[in-house]
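Q: I am new to this structure and would be grateful for a close look at a single part of it. Please concentrate on the enclosed spaces in the interior, and set them in their surroundings.

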Amino acid sequence: MKLETTYTSDNYPIIIEHGAVNSIVDKTKFYKHVIFVIDETVANYWQQKLEPIINQVDGYQLVVPPGEQIKTLEFYTQTIEHLLSLQLTRSTCLVAVGGGATGDFTGFLAATLLRGVDFIQVPTTILAHDSSVGGKVGINSQYGKNLIGAFYRPTAVYYDLDFLNSLSYEQVLSGYAEVYKHALLNGEAETQAIEQHFDNQQRLASLRGLDHYLFKGIETKLAIIVQDETEQNQRKYLNLGHTFGHAIEYHYKLPHGHAVAIGIVYQFIVANLMLDKDYDIHHYIDYLDGLGYPLKNIPTYDFNTILSLMMKDKKNDYYGVQMVLLKAFGEPGVYHVPNHILQQAFEQFAHDLTR
């Protein structure tokens with residue numbers, strides 16, 4: 001399966017298939033330097049798959065620790081100084097092989113190395129089907145997640161479905177939250193279809209039929225980002241569940257998708273309170289809890305800590321916290337939410353979880 005961006009220039013392909021990573025050989029043959037930035041877990045598990053490709057392009061392998069721990073100024077400084085010691089030129093391509101954190105970090109390296117070199121995304125998780133497309137790159141700050149970064153397009157995205165076979169259920173679960181988010185943005189029929197298809201942990205763990213929903217998710221994201229690449233308007237819709245989600249992810253060290261799933265339920269509660277909706281909150285709690293998301297921890301969270309982080313969200317403006325809310329299935333909007341509504345929603349969420 002192949003998709004492609006439709007900007008006025010500098011478009012890039014998104015290949016979604018088994019064996020897609022092999023396309024790197026042809027894509028990188030005209031670069032002087034090809035640097036593979038590989039998640040340590042991926043490097044260890046998939047060495048036999050990656051090594052022949054790296055050798056064919058005479059590439060340099062840089063193995064980095066897994067997860068968000070690499071997205072710091074300290075590790076960025078250490079890494080970019082190391083790359084500069086290799087006497088690279090602008091005829092360099094960085095290849096990010098790993099999950100969303102690896103892609104974010106490598107993309108930020110590419111955007112800032114020698115004032116910009118090319119990079120390729122090779123996502124190896126379900127979660128990264130979202131983050132690898134759209135050109136958002138960056139690292140974290142002591143004040144919050146992804147507050148240091150840039151908009152910087154990859155030259156290609158090779159989504160090799162083979163990599164998904166090595167994922168733990170926790171990783172599958174984290175990635176599924178973003179797939180589910182895209183279904184919500186597409187409308188009620190899409191939401192019902194995905195809920196029925198992945199209606200229990202066993203079905204989700206099997207990954208059967210997931211490629212269809214991954215393709216739909218990327219297609220949904222592309223339709224938005226080509227209209228609003230730098231998040232001035234519509235692209236904010238992709239942050240459904242992320243305002244509350246990023247806050248609890250950052251403070252309580254949750255996997256990204258687990259936090260987004262919780263944030264999706266929270267936004268339904270806020271929508272009921274602010275927009276006079278009647279979403280069945282218990283349905284979403286039961287569905288996501290049944291798949292294994294850690295919703296039951298909410299009653300022990302500290303609201304004031306979460307609020308302080310939500311107030312630092314990138315979507316906010318002079319008037320305060322902005323959240324993406326579903327005014328109807330498939331009809332997101334961005335709203336200013338008063339603090340008393342945020343607190344009321346949190347208290348209701350905690351109450352509903354202990355019913």
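How many cavities of 30 Å³ or more does a search of the whole structure find?

A: The model under discussion is a predicted one. A search of the whole structure finds 3 cavities of 30 Å³ or more. The two described here are the largest cavity and the second largest cavity.

The largest cavity holds about 130 Å³ of space. Its lining is made up of 13 residues, and those closest to the centre are Gly144, Lys145, His246, Leu309 and Asp313. At least two lining residues come from each of β8 (144–151), α11 (242–252) and α14 (303–310). The greatest contribution is that of α11, which provides 4 residues. By character, the lining of the largest cavity comprises 6 nonpolar, 3 polar and 4 charged residues.

The second largest cavity has a volume of about 50 Å³. Around this second cavity stand Val179, His182, Ala183, Asn186, Glu190, Ile194, Tyr213, Lys216, Gly217 and Thr220. Three helices, α7 (169–186), α8 (188–197) and α10 (210–225), each supply at least two residues of this lining. The lining of the second largest cavity divides into 4 nonpolar, 4 polar and 2 charged residues.

The surroundings may be illustrated by two further places, beginning with a helix. Helix α3 spans residues 47–56, and within it Lys49, Leu50, Ile53 and Ile54 are buried. Viewed down the axis of α3, these buried residues fall within an arc of 115°, and they therefore line one face of the helix. The face turned away from that buried side bears the exposed residues Gln48, Asn55 and Gln56. On the buried side, the packing partners are the helices α1 (24–27) and α2 (40–45), together with the strands β3 (33–39), β4 (60–64), β5 (92–98) and β9 (156–160). Just after α3, Asp58 adopts a positive phi of about 55°.

The second place is a single residue, Leu109, situated in helix α5 (residues 100–112). Leu109 has a relative accessible area of 0%, and is therefore buried. Leaving aside neighbours within four places in sequence, Leu109 is in contact with Tyr76, Thr79, Ile80, Leu83 and Leu94. One of these partners, Tyr76, lies 33 residues from Leu109 along the chain, yet the C-alpha atoms of the two are separated by 7.4 Å.

Notes:
Residues numbered from 1 in each chain as written. Predicted model: local features only at pLDDT ≥ 70, side-chain atom pairs only at ≥ 80, totals over all residues. Heavy atoms only, no water. Buried < 20%, exposed > 50% of the residue type's maximum accessible area, 1.4 Å probe, protein only. Arc of directions from axis to C-beta. Contact = heavy atoms within 4.5 Å. 1 Å grid on protein atoms, 1.4 Å probe; cavity = no way out; pocket = protein on both sides within 12 Å on 5 of 7 lines; lining within 4 Å. Points joined across faces, edges and corners; volume = space filled by probe spheres on them. Nonpolar A, V, L, I, M, F, W, Y, C, P; charged D, E, K, R; others polar.
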